[in-house]
There are 4 protein chains.
Amino acid sequence: MPKIVDKKQMRQNILQAALQTFVKYGFHNSTMAKIAKEAGVAKGTLYLYFESKEALSIAFVQGYFSKLEALISQQGMAYSLDSFINQLQKTLLVNREQANFIPVFFETFGPSFKDKAFRDTIAYSFDKIGIFYTQNIIELIKKGELNEDINPHALGRVLISMLDGILLHYGLFSPSQSEYEKMVEESLALLKRGLV
Amino acid sequence: MPKIVDKKQMRQNILQAALQTFVKYGFHNSTMAKIAKEAGVAKGTLYLYFESKEALSIAFVQGYFSKLEALISQQGMAYSLDSFINQLQKTLLVNREQANFIPVFFETFGPSFKDKAFRDTIAYSFDKIGIFYTQNIIELIKKGELNEDINPHALGRVLISMLDGILLHYGLFSPSQSEYEKMVEESLALLKRGLV
Amino acid sequence: MPKIVDKKQMRQNILQAALQTFVKYGFHNSTMAKIAKEAGVAKGTLYLYFESKEALSIAFVQGYFSKLEALISQQGMAYSLDSFINQLQKTLLVNREQANFIPVFFETFGPSFKDKAFRDTIAYSFDKIGIFYTQNIIELIKKGELNEDINPHALGRVLISMLDGILLHYGLFSPSQSEYEKMVEESLALLKRGLV
Amino acid sequence: MPKIVDKKQMRQNILQAALQTFVKYGFHNSTMAKIAKEAGVAKGTLYLYFESKEALSIAFVQGYFSKLEALISQQGMAYSLDSFINQLQKTLLVNREQANFIPVFFETFGPSFKDKAFRDTIAYSFDKIGIFYTQNIIELIKKGELNEDINPHALGRVLISMLDGILLHYGLFSPSQSEYEKMVEESLALLKRGLV
DNA sequence: GATGAATGAGAATTCATTCAT
DNA sequence: TATGAATGAATTCTCATTCAT
């Protein structure tokens, strides 16, 4: 009789250990040995759950962006421009803690950007968020809250790109807390005026 | 007398070869051997011009961002909101060709993001561009072309972050030409309305 | 369960292979690859047992001198001048076979002499032998067999230095068998007369 | 017309530079580049005066031991046991400053010990010193100062070996000044009693 | 299922030597 | 003669992956 193991749970354990190891050592000093140790299993065991280090990394990033999508989508449809701007603000601020993971992300997955499948995975996440924004925009136009000249589809994708730019610069270049707050404030004011 | 060599030129040759090798193989498959071969010199020669692979990489990225800064700064001060928006557009479009380098950039320098010195190098470039935008904004406020509520300092930095976000998504996720054009158009319209 | 290995035994195997490789090729032509081949394992395996080539070398020399110390110390306390001289003779003659290792030793560890830790390791071995001789001398003085003017502490250390000099010259410069025997005979006679 | 260069002088300069470089960096960090720099010439120039690094090293050690021989031989024939012991003492003490070079010597030439030619060079030096001692011993026997049972030939070679042992241990293991003085004193007393 | 010892391809770096100037 | 840029063989060490137990 084989040992009873929750495969899903084990994969999660390992992915969690991978995250911790990546954050602690950076991706390139995170050997399979270290990840195994962090997960409390043997090196060989890793290969029972993930085909290769690459597969593990891909699974890891997929999990990461899934959570991100969920986080944004769960915010529900905005009922007014103010509430929409509010949502954008939350996106910028909610993720602040995660910002520290951004450099680790690039350190970890920078090399994966040469892989089209990898990029498509992330693109897909951003597309979904962009579409979510687009839906919000459409609703708000219907309500007469937004400028009618707007192309909702393009703008949805633009918005998430812009916010991502701000978040990235925050995470990567670590401006001071107050500087960042001014940037958030200023960018939201700009977007609000632009959207009316 | 030993061979007479233009050291500056040789460094440039090597950096150029590095770029080509990075693009061809990706950074992590770009061994010093391959770079040397691409440059048409022996492995050891690389070490006469760069202390290590890391040093070569750093020099490479510094060169890259220097050119970027120069490109943007040379645009001169804007005399009207329209001309400023025009500049931003150029920045988004001028760099389109370079966009193909963005995934290579992350593949190449992703791992370098764990290095504070490296990040500071890039941050410095963006800060300079942000300041350049800030100066433009100040001038345009004086001329009464822009909304007086604006905080020029924060907004300058916000603008480059936002544009960078758009460029990054363009380079990384390769939307179609027409999609991207719509995104540029829409984002500039948004910014213009927001700035007035 | 992974392969079951006697780690101690494996270390010994590797050290033995190192010795053979050193003798065959000389230390500086003894690459880790050659040692691995001699040991019948892969290069990487060496690094499971020794952190670096240097660590392997240090372990090797420590093992060598441990055996030397043991060999001399096991001789037990001398009960008369003659028996002491006899011990010294054994030291000079017992080690004759090992003498062939002396040039290899210098070839191997010459470069290690710049390392204080390394020298201290050897110094410690000789000090212990010196102390052992000192104890013998003290006993023999008590018995009235030796000259009372002797400083036993200094003389113990002197004796091992002198014997080492003779052994070194034997090992390094390979006088003929008969020449060496005469040297041993003459040196022991000299020492005996000097000790009375 | 070729430049007028004193080849001999240039060789000496280079050997001197080699010595300084060896002492400063140890042999294995003394690259031809460093030696050249120390000598104030270009790397290529070294090869005009010495065929290879090995040749340079061999020439260096030959020079070193020639001086050593000269130093000892110039002491002249001893006229009494006391004066002979005095000579030995000088040998032990004169060389004290040079003792610091002993670890460098092994670091430098350790690897050369696998080379028979190299060892023969040194052996030859010691043989000559041994013969010099033998001559002294013969003279002193004739004068009735020494024990008649002595085999002068063997003893000459033994003496230099013993003294070398003491010097080596001094240079390598750096006992304190006072410890060494006691060792010298004790060894000379021992030898004197043994020689009578 | 789990383990971890063994593997060996692969990479960065060094440096004695050469040779065009 | 003198130079020093260029060379490339050689070496140490790493680590993803395999597989006997």
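**Figure 1. A salt bridge within chain D of this predicted model joins Asp82(D) and Lys192(D).**
The closest N and O atoms of the two side chains are 2.8 Å apart. Asp82(D) belongs to helix 5 (residues 81–94) of chain D, and Lys192(D) to helix 10 (residues 177–195) of chain D, so the salt bridge ties together parts that are 110 residues apart in sequence. Asp82(D) has 45% relative accessibility and counts as partly exposed. Lys192(D) is partly exposed too, with a relative accessible area of 34%. Side chains of opposite charge can pair when their charged atoms come close.

**Figure 2. In chain A, Lys192(A) and Asp82(A) meet in a salt bridge.**
The N to O distance between these side chains is 2.8 Å. Lys192(A) sits in helix 10 of chain A and Asp82(A) in helix 5 (residues 81–94) of chain A, so parts 110 residues apart in sequence are tied together. Lys192(A) counts as partly exposed, at 34% relative accessibility. Asp82(A) also counts as partly exposed, at 45%. Over all chains, the structure holds 16 salt bridges.

**Figure 3. Lys128(B) and Glu69(B) form a salt bridge in chain B.**
Their closest N and O atoms are 2.8 Å apart. The pair links distant parts of the chain. Lys128(B) is in helix 8 (residues 116–142) of chain B, and Glu69(B) is in helix 4 (residues 53–73) of chain B. In sequence, the two residues are 59 residues apart. Is each partner buried or partly exposed? Lys128(B) counts as partly exposed, at 38% relative accessibility. Glu69(B) is buried, because its relative accessible area of 11% falls under 20%.

**Figure 4. Ser187(D), in helix 10 of chain D, touches residues of chain C and chain D.**
Ser187(D) counts as buried, at 0% relative accessibility. The Ser187(D) side chain reaches the backbone oxygen of Val184(D) at 2.8 Å. Leaving out residues up to four places away in sequence, Ser187(D) touches Val158(C) and Met162(C) in chain C. Within chain D, Ser187(D) touches Leu92(D) and Ile166(D).

**Figure 5. Chain D and chain C form an interface of 44 residues from each chain.**
Together the two chains bury about 3,900 Å². Of this area, 70% is on carbon and sulfur atoms. Zero salt bridges are found across the interface of chain D and chain C. There are eleven residue pairs in polar contact between these chains, both residues at pLDDT 80 or more. Which elements of chain D give two or more residues to the side that touches chain C? They are helix 7 (101–109), helix 8 (116–142), helix 9 (152–173) and helix 10 of chain D. Helix 9 of chain D supplies the largest share, 16 residues. By class, this side of chain D has 21 nonpolar, 13 polar and ten charged residues.

**Figure 6. Chain A meets chain B through 44 residues from each chain.**
Chain A and chain B bury about 3,900 Å² between them. Carbon and sulfur atoms carry 70% of that area. How many salt bridges cross the interface of chain A and chain B? The count is zero. Polar contacts join ten residue pairs between the chains, with both residues at pLDDT 80 or more. On chain A, helix 7 (101–109), helix 8 (116–142), helix 9 (152–173) and helix 10 (177–195) each supply at least two residues of the side that touches chain B. Helix 9 of chain A gives the most, with 16 residues. The side of chain A that touches chain B has 21 nonpolar, 13 polar and ten charged residues.

**Figure 7. Chain A does not touch chain C, and no contact joins chain A to chain D.**
The nearest C-alpha atoms of chain A and chain C are 10 Å apart. For chain A and chain D, the closest C-alpha atoms lie 30 Å apart.

**Figure 8. Confidence in chain A is lowest in helix 6 and highest in helix 3.**
The average pLDDT of chain A is 85. Of its residues, 93% score at least 70. Helix 6 (residues 96–99) of chain A has a mean of 62. Helix 3 (residues 43–49) of chain A stands at 95.

Conventions: Residues numbered from 1 in each chain as written. Chains lettered and ligands numbered in written order. Heavy atoms only, no water. Contact = heavy atoms within 4.5 Å. Buried area = accessible area lost by both parts, 1.4 Å probe. Salt bridge = Lys/Arg side-chain N within 4 Å of Asp/Glu carboxyl O. Polar contact = N/O pair within 3.5 Å; in protein donor to acceptor, adjacent residues only side chain to side chain. Helix = DSSP H or I, 4+ residues; strand = E, 2+ residues; numbered from the N terminus. Nonpolar A, V, L, I, M, F, W, Y, C, P; charged D, E, K, R; others polar. Buried < 20%, exposed > 50% of the residue type's maximum accessible area, 1.4 Å probe, protein only. pLDDT = per-residue confidence, 0-100.
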